[in-house]
Amino acid sequence: MGLRLYNTLRRQVEPFEPLEPGGVRLYSCGPTVYGPSHIGNFRSYIFADVLRRYLAWSGYRVTWVMNITDVDDRIIRNATEAGLSIDELTGPHVATLAQDLGRLRIGPPDEMPRATEHVPDMARLISRLLERGHAYRTEDGSIFFRIDSWPAYGRLARLDPAQQRVGERVEADDYGKDDVRDFALWKAPKPGEPSWSTEVGEGRPGWHIECSAMSMRYLGDSFDLHTGGVDLIFPHHEDEIAQSEAATRRPFVRTWLHCAHLQMGGQKMARRDGNVARPADLYAQGFVPRALRFALLRVHYRAPIEFTDEALSDAAAAVTRLSTALAALDAYREDRPTDASLDDLLASTRERFGAAMDDDLNVSAALATVFDLVKEINRRLEERQLSTADAERTAAFIRDLDQVLAVAEDEDAELEEADRLLLDERAAAREARQWDRADELRAALRQHGVLVEDTRDGQRWRLATVEKRVCTPEPAGG
Ligand code: AMP
Ligand code: ZN
């Protein structure tokens, strides 16, 4: 039937069709790097990543752009308070972000443009808006978008035209505006604040203009998909549409996609409310990144997630089930004819998986097909019903579906070299029937978070997911 997606613009699920056959252009609103991102932010990037992966899996060429907001009021305030330049403040957070994205197997996006490196693009766009009468300057040199000049304003957020701006990020310094609804494109310089010298004068960009300038720079005036959390519908995305379309007179984005929030304690996870968890906190508790990724993607993107310890432990158990099944398939050896019904099982799984994902990215249903398959395969392994080649084929099949989800194995689930040597030594010890030595080695590996199990296909290992990976002594007896 083909992919269908819920377009916030029309509040309905629509068939997805790229503007250009074969290629999809996708933009995601990325982080504001005044501090490290929390797992709520990562929910929105994982959602975009699953979308990108599914499009690629379905055969599209995907270009994915995610911006980094590295100048805004909070960044300036935090830098000033800490006595740092904005680069000095944001640099470490950008580095942490890259590491977090990598561990969670998000992207990397094809481009991650930084606002501070695209100020001339923003100025050019503002200049066009001034020329076309959609923007005006106030006495101090700030520039505002004139909402009155754009009758389509409010279409995305379904605003009552008389409604005033009630968004979260209404600029604090909006004095001198003609209309209270008008929003800042450009802010006049202030002493002690960073500013740029551009074709529209000296100053710094407002927040909204950066996403218009950077998305159009890399994806063209019109592109296919734009994602963000629901908090961005208004005013951020509403403003992006107005300023982009008013400047180019072309449709900006075909499909707007928004994910619901990750909550903790019944409320949106938000830095300013303090109810945040960061990936590093959870890894320090012994959870592997793919357990976190699983917890953040298993619920449909339009439904809120309440984040709890149990949900994460549950996710850890689920991803272990997947990696254990893959390890069992890899280790399996059986010289027997092929399992005649395997092809049908894999084909029907693939069909159900695709149908679920096509249905507005129904990841929960897609995961259910994978777990149904794993259950059935475990049974067939147990009963030695598969041939060696069948097992190989099945493992490749699961890894192929996991191109979309990226939860079955950690890309960095590499064994430490020392542990690999211990495993080899243990295999040799078993071969030589030195059981005591094999037990010792198993205990040593366990201390490193490598769990070893003996099966009739030989020893099998996996990295502990919940158990601490760090070397902690066994508790004293009793
Ligand atoms: P920010 O760093 O605040 O600019 O947000 C970056 C991205 O994270 C945006 O797409 C937000 O919509 C999204 N976001 C922020 N908080 C949450 C949350 N609690 N749950 C899901 N997405 C969020
Ligand atoms: Zn944005």
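These are my notebook entries on a predicted protein model with two bound ligands that I looked up piece by piece.

**Entry 1: the zinc ion**

I started with ligand 2, the zinc ion, and asked which protein atoms are its donors. I found three residues listed: Cys 29 and Cys 211 each give their SG atom, and His 236 gives NE2. These donors lie 2.0 to 2.1 Å from the zinc ion. Along the sequence I wrote their spacing as C-x181-C-x24-H. The two cysteines link distant parts of the chain, being 182 residues apart. I placed Cys 29 in the loop between β3 (23–28) and α1 (39–57), and Cys 211 in helix α5 (residues 207–219). Are these two cysteines buried or exposed? Both Cys 29 and Cys 211 turned out to be buried.

**Entry 2: the surroundings of ligand 1**

Next I moved to ligand 1 and counted its neighbours: 20 residues surround it. The closest are Thr 32, Gly 229, Asp 231, Leu 262 and Met 269. I sorted the shell by class and got 7 nonpolar, 9 polar and 4 charged residues.

Then I looked at polar atoms. Asp 231 has a polar side-chain atom 2.6 Å from an oxygen atom of ligand 1. For Ser 44, a polar side-chain atom sits 3.3 Å from an oxygen atom of the ligand. With Leu 262 I had to look at the backbone instead: one of its polar backbone atoms is 2.8 Å from a nitrogen atom of ligand 1. How much of ligand 1 does the protein bury? Taken alone, the ligand exposes 490 Å², and 95% of that is buried by the protein.

I also checked which elements give two or more residues to this shell, and they are α1 and β10 (223–229). Helix α1 has the largest share, with 4 residues.

**Entry 3: strands and sheets**

Since β10 had come up, I followed it to its partner. β10 and β11 pair in the parallel sense over 6 bridges. Gly 229 has Cys 259 in β11 as its bridge partner. Strand β11 (residues 253–259) is mostly covered, with 6 of its 7 residues buried.

I then found an open sheet of 3 strands, in the order β13-β12-β14, with mixed pairing. Which strands stand at its edges? They are β13 (267–268) and β14 (305–306); each has a single partner strand, so one side of each is left without a neighbour in the sheet. Strand β12 (residues 262–264) runs parallel to β14, and 2 bridges join them. Here Gln 263 stands opposite Glu 306 in β14.

At the start of my strand list, β1 (residues 4–7) and β2 (residues 12–15) run antiparallel and are joined by 4 bridges. In this pair Tyr 6 is opposite Val 13. The two strands form a hairpin with 4 residues between them, and Arg 11 in the turn has a positive phi of about 55°. A reminder to myself: most residues other than glycine have a negative phi, and most peptide bonds are trans.

**Entry 4: unusual backbone spots**

With that reminder in mind, I looked for more positive phi values. Leu 361 has one of about 55° although it is not a glycine. I located Leu 361 in the loop between α10 (342–358) and α11 (363–382). Its relative accessible area is 3%, under the 20% cut-off, so Leu 361 counts as buried. Arg 384 also has a positive phi of about 55° and is not a glycine. Arg 384 lies in the loop between α11 and α12 (388–405). At 15% relative accessibility Arg 384 counts as buried too, because the cut-off is 20%.

Where are the cis peptide bonds I noted? One joins Gly 107 and Pro 108, with omega about 10°. Pro 108 is in the loop between α3 and α4 (119–131). Another joins Phe 234 and Pro 235, with omega about 0°. Pro 235 is in helix α6 (residues 233–248).

**Entry 5: two single residues**

I finished with Asn 67, in the loop between β4 (61–66) and α2 (73–82). Asn 67 is buried, with a relative accessible area of 1%. Its side chain makes a polar contact of 2.9 Å with the side chain of Glu 210.

My other pick was Thr 96, in helix α3 (residues 86–103). Thr 96 is partly exposed, at 30% relative accessibility.

Notes
Residues are numbered from 1 along each chain as its sequence is written. Chains are lettered from A and ligands numbered from 1 in the order in which they are written. This is a predicted model: local features need pLDDT of at least 70, side-chain atom pairs count only at pLDDT 80 or more; totals for chains, interfaces and linings use all residues. Side-chain values use heavy atoms; hydrogens and water are left out. Donors are N, O and S atoms within 2.8 Å of the metal (3.2 Å for Na, K and Ca); water is not among the atoms, so sites may look incomplete. Buried means under 20% relative accessible area, exposed over 50%, partly exposed in between (1.4 Å probe, protein chains only). Two strands pair if DSSP finds at least two bridges between them. A residue is near a molecule or strand if one of its heavy atoms lies within 4 Å of it. A polar contact is a pair of N or O atoms within 3.5 Å; within protein, one must be able to donate a hydrogen and the other to accept it, and residues adjacent in sequence count only if both atoms are side-chain atoms. Accessible areas come from the Shrake-Rupley method with a 1.4 Å probe; for residues, only the protein chains shown count as cover. Ala, Val, Leu, Ile, Met, Phe, Trp, Tyr, Cys and Pro count as nonpolar, Asp, Glu, Lys and Arg as charged, and the others, Gly among them, as polar.
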